[in-house]
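Visitor: Before we start, could you take me through this fold and show how each label is earned?
Guide: Gladly; let us look at the model and set each label against its criterion.

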Amino acid sequence: ARGMLVGLLDEAALYDDPSYVFPLMEQARTQVLRVNLYWGGVRGVATARPARATDPDDPAYDWSLYDRTVNYAAQHKIRVMLTIFGTPRWANGGAGLNVPPRRLADLNNFAYAAAKRYGGNHLAADGRTLPPVKLWLAWNEPNYPIGLKRQYRYAGGRWIVQSAIDYARICTAIYNGVKRTLIRGERVGCGVTGPRGNNQPRSSRPTVAPITFMRALKKAGLKKFDAYAHHPYYGRRAETPTTRPASTAVTMANIGTLVAELTKLWGRKRVWITEYGYQTNPPDRAFGVSYAQQVRYMRQAFAMARKHSRIDMMLWFLLRDEPKLGGWQSGLLTRN
């Protein structure tokens, strides 16, 4: 697409020393930085129920971590994409971050408060006007249990994709909340799907294949979003960006399948690749490729995305490898 945006997804921008992280991101010519905006949880904005949920200055809200992030990003000329994720305990009875709120109005109100705070005209506690955030995502990988705990429900003698029903409501609540500010230029991405799924409700870890999930979303009534986001990761160490994956997966090799289904279901919506990466060996001996292969596959994958007329954005996962080997080692830098 013309002017495809490139950038990074890395939570280090939130937690690490910003005076160290952001110059590196600028050096890497990062145009977009994606971070999670946690509604609930340890680093959540709303760990207690706000009295005035649509007021970003309600005392129950703590935006300090995110204010710092958007300020540093603006200083380094980097756009921020905020992913609203994680249900607070008070909104679902402590069922977990990956369980939908009991009242979708609570999520709608939070999305409105967040978009209003980062609308470009809001004063922070220090008297500075907070930079605008125009790019938003609704949740993360809802076709996996890490995104939405309940993937399937058995009813009427058949299995129903419950995660798609829940996500259609979540995405609609976030979209409507952000757009309710009437601030020009705001764009909300939905989908944010993981690359593969087993479509096996009785398995030990049931997941939903991306195309199956899209169709279930349409059936569940999802109508309004600006772009469809997807994470077309590789599945095996020997898999290159052009290796055809299993029929239940969508990687870079068959990203056109997802775009075609998107067109069929919702018309010519835009596509955002909001996570992508290859892990390296060292240090990951099980799943990592060599440094040289990572370079080659990165160039190849981004070139493929640039050639596609519908892809507006592609984000690499991690500036630096995650601290523990059990995490991801796809960073542009090693941990040290």
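**The barrel and its labels**

Guide: In this predicted model, eight strands close into a barrel in the order β1-β2-β3-β4-β7-β8-β9-β10, and the pairing is parallel. Between neighbouring strands of this sheet the average turn is 30°, with direction ignored.

Visitor: What makes strands β8 and β9 a pair?
Guide: A pair requires at least two bridges found by DSSP; four bridges join β8 (residues 227-230) to β9 (residues 270-273), so the two strands count as paired, and they run parallel. Among the partners, Y228 is bridged to V271 in β9, and H230 has I273 in β9 as its bridge partner.

Visitor: Why is the crossover from β8 to β9 called right-handed or left-handed?
Guide: The chain crosses from β8 through α8 to β9, and this β-α-β crossover is right-handed, because with the strands pointing away from the viewer the path from the first strand over the helix to the second runs clockwise.

Visitor: How do you know that helix α8 packs on the sheet?
Guide: Contact means heavy atoms within 4.5 Å, and helix α8 (residues 255-266) touches β8, β9 and β10 (311-317), so α8 is said to pack on the sheet. The direction of α8 makes about 150° with that of β8.

Visitor: What makes β9 and β10 a pair?
Guide: Here three bridges are found where at least two are needed, so β9 and β10 are paired, in the parallel sense. Within β10, I311 stands opposite V271.

Key: Residues are numbered from 1 along each chain as its sequence is written. This is a predicted model: local features need pLDDT of at least 70, side-chain atom pairs count only at pLDDT 80 or more; totals for chains, interfaces and linings use all residues. Side-chain values use heavy atoms; hydrogens and water are left out. Axes are lines fitted to C-alpha atoms, for helices over the stretch in contact, and angles run from 0 to 180 degrees between N-to-C directions.
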